[in-house]
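I set out to record, entry by entry, what I looked up in this structure. The topics are strand pairing, burial and aromatic ring pairs.

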Amino acid sequence: EMSWETPYDQFGVSIDASEDLIAVGVPFDSRCFSPSCSENSQSIGSVMLGKMVGGNFEVVSELHGNFTFAAFGSTLKFSKLDGDQKNVLVVGEPWADGEGSINKKAGRINIFDVDIVDSTPELRTTILGGSFGESFGRSITTLQNGIAVSGPLSGDGSSAYGNVYVFNQADLQPGVFNAEDLASVTLTVPEENSQFGCSIAGYETSFGEHLAVGAERSSHGARMAGAVWFFPI
């Protein structure tokens with residue numbers, strides 16, 4: 001067991017593993033990372049990278065967000081890029097600001113190269129949400145040749161339809177990009193405020209790769225009863 005020392009930090013809200021490396025999200029990490037702390041320098045969120053040593057979880061590296069209360073680490077997923085040669089960690093930061101003054105809380109994902117041997121992470125790619133309050137990065141799933149990321153609150157400011165963006169592996173190059181520009185496919189449904197994309201999962205069938213998308217507030221069956229949509233991709 002590994003417990004946490006400060007209240008309300010939500011240590012363990014997200015977990016993933018690759019080989020013997022384990023990533024644990026702490027989206028409201030309230031520890032101080034600067035010489036003089038204030039409310040504005042705390043709760044930036046963290047991801048702990050560690051390994052099991054002698055039955056104990058030993059932290060070998062940490063990642064930290066850049067915004068207060070942006071929920072860095074609330075979602076995370078290991079993936080493979082460049083075939084099986086490179087291991088990356090995709091970290092959601094769904095309440096981070098996007099580009100431009102109007103894109104507050106648009107969200108972003110941060111893709112880190114991770115060396116499994118020495119567990120040293122290095123930021124590779126940042127993808128930004130494109131609309132106010134979109135919550136881009138709320139859910140992440142790996143695909144055979146890329147990743148899918150949701151923005152369940154994307155919309156025009158008065159209504160939120162939700163989007164799920166599919167990114168091809170070859171397009172995830174180093175740099176900073178906008179989700180709408182980089183995505184090879186954008187999925188949505190014509191139902192307002194259904195939280196389309198609150199959860200997503202990629203899966204294989206005999207007909208190819210598919211994506212399941214949750215919409216927890218969908219009223220297609222009954223009022224706010226929820227729904228799951230299935231798409232070939």
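**Notebook: strands and rings**

I began with strand E14 and strand E15 (residues 208–215), which pair in the antiparallel sense over 8 bridges. I note that the model is a predicted one. For a single point of contact I looked up Ala201, whose bridge partner in E15 is Ala212.

I then asked in what order the strands of this open sheet lie. The sheet has 3 strands in the order E14-E15-E16, and the pairing is antiparallel. E14 and E16 are its edge strands, each pairing on one side only. From one strand to the next, the twist averages 20°.

**Strand E11 and its partners**

Next I turned to strand E11 (residues 163–168) and asked how many of its 6 residues are buried. I found 5 of the 6 to be buried, so the strand is largely enclosed by the rest of the structure.

I looked up the partners of E11 in turn. Strand E10 (residues 146–151) pairs with E11 in the antiparallel sense over 6 bridges. Strand E13 (residues 185–187) also runs antiparallel to E11, and 3 bridges join the two. Val164 appears in both pairings: it is the bridge partner of Ser150 from E11, and its own bridge partner in E13 is Leu187.

As background, I note that strands of a sheet pair through backbone hydrogen bonds, either parallel or antiparallel.

**Aromatic pairs**

I counted the aromatic pairs and obtained 5. I looked first at Phe136 and Tyr165, whose ring centres are 5.5 Å apart and whose planes stand at 80°; an angle over 60 degrees counts as edge-to-face, so this pair is edge-to-face. Phe136 lies in the loop between strand E8 (121–128) and strand E9 (140–143), whereas Tyr165 lies in strand E11, so the pair ties together parts that are 29 residues apart in sequence. Phe136 and Tyr165 are both buried.

I then examined Phe196 and Phe231. Their ring centres are 6.1 Å apart and their planes are at 85°, so this pair is edge-to-face as well. Phe196 belongs to strand E14 (residues 196–205) and Phe231 to strand E16 (residues 227–232); the pair links distant parts of the chain, 35 residues apart.

Are these two residues buried or exposed? Phe196 has a relative accessible area of 0% and is buried. Phe231 is buried too, with a relative accessible area of 16%, which falls under the 20% cut-off.

Last, I recorded a cluster in which ring pairs link Phe136, Tyr165 and Phe167.

Terms used. Residues numbered from 1 in each chain as written. Predicted model: local features only at pLDDT ≥ 70, side-chain atom pairs only at ≥ 80, totals over all residues. Heavy atoms only, no water. Buried < 20%, exposed > 50% of the residue type's maximum accessible area, 1.4 Å probe, protein only. Helix = DSSP H or I, 4+ residues; strand = E, 2+ residues; numbered from the N terminus. Pairing = 2+ DSSP bridges. Phe/Tyr/Trp six-rings, centres within 6.5 Å; stacked < 30°, edge-to-face > 60°. Axes fitted to C-alpha atoms, helices over the stretch in contact; angles between N-to-C directions.
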